[in-house]
Amino acid sequence: MASNNDFVQYIADQCADAGGITVKKMFGDYGIYCDGKIFGLICDDQFFLKPIVAVRNMLRIVELKPPYEGAKDYFLIADVDDRDYLTMLVRETCKALPEPKPKKKK
């Protein structure tokens with residue numbers, strides 16, 4: 001089941017204070033990026049955050065779940081209505097992620 005476009009836009013809007021948020025359709029669902037770094041997935045109208053150790057202690061509820069069959073576990077973020085909370089989680093996750101690799105010129 002794919003995610004509803006309104007839900008995808010809501011998550012992007014909720015995370016907007018963290019930086020330049022973009023979403024890209026991937027395999028029927030969405031990857032969500034901040035300043036070019038993929039930090040999470042939106043699958044089946046659920047928001048999943050990359051499982052960064054430093055962020056684990058900031059989570060109100062720690063729930064690990066694969067976003068789709070065969071995937072590694074991600075943090076499932078059920079409390080998507082608290083904009084400040086999501087902003088903090090996204091910022092801290094992105095701090096811990098490596099810079100994206102430059103795209104090769106064709």
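Let's start in the sheet, where β4 (residues 46–49) and β6 (residues 74–77) run antiparallel to each other and are joined by three bridges. This is a predicted model, and the pairing can be followed residue by residue. Leu49 has Phe75 of β6 as its bridge partner, while Phe47 is bridged to Ile77, also in β6.

On to the other pairing of β6. Strand β5 is joined to β6 by two bridges, and these two strands are antiparallel as well. Here Lys65 finds its bridge partner in Tyr74 of β6. Keep Tyr74 in mind, since that residue also turns up in the lining of the largest pocket.

Now zoom out to the whole sheet. There are six strands, laid out in the order β1-β2-β3-β4-β6-β5, and the sheet is open with antiparallel pairing. Which strands stand at the edges? They are β1 (21–26) and β5 (64–65); each has a single partner strand, so one side of each is left without a neighbour in the sheet. As a reminder, strands in a sheet pair through hydrogen bonds of the backbone.

Next comes the helix on the sheet. Helix α3, spanning residues 83–96, lies across β2 (29–34), β3 (37–43), β4 and β6. Its direction makes an angle of about 130 degrees with β3.

A good residue to click on in α3 is Thr93. Is Thr93 buried or exposed? Its relative accessibility is 0%, so Thr93 counts as buried. What does Thr93 touch, leaving aside neighbours within four places in sequence? The contacts are Phe39, Leu49, Lys50, Ile52 and Val55. We've met Leu49 already, as the bridge partner of Phe75 in β6, and Lys50 will come back in the pocket lining.

That brings us to the largest pocket, which holds about 220 Å³ of space. Its lining is made up of Met26, Phe27, Asp29, Tyr30, Ile38, Gly40, Leu41, Cys43, Lys50, Tyr68 and Tyr74. Where does the largest share of that lining come from? Strand β3 provides it, with four residues. Both β2 and β3 supply at least two residues each. Sorted by class, the lining has eight nonpolar residues, two charged and one polar.

Two residues tie these views together. Tyr74 pairs with Lys65 between the strands and lines the pocket, whereas Lys50 is in contact with Thr93 and lines the pocket too.

Key: Residues are numbered from 1 along each chain as its sequence is written. This is a predicted model: local features need pLDDT of at least 70, side-chain atom pairs count only at pLDDT 80 or more; totals for chains, interfaces and linings use all residues. Side-chain values use heavy atoms; hydrogens and water are left out. Two strands pair if DSSP finds at least two bridges between them. Contact means heavy atoms within 4.5 Å. Axes are lines fitted to C-alpha atoms, for helices over the stretch in contact, and angles run from 0 to 180 degrees between N-to-C directions. On a 1 Å grid over the protein atoms alone, a cavity is a set of points where a 1.4 Å probe fits but cannot get out, and a pocket is an open set with protein on both sides within 12 Å along at least five of seven lines; lining residues have an atom within 4 Å of a point. Grid points are joined across faces, edges and corners, and a volume is the space filled by probe spheres set on the points. Ala, Val, Leu, Ile, Met, Phe, Trp, Tyr, Cys and Pro count as nonpolar, Asp, Glu, Lys and Arg as charged, and the others, Gly among them, as polar. Buried means under 20% relative accessible area, exposed over 50%, partly exposed in between (1.4 Å probe, protein chains only).
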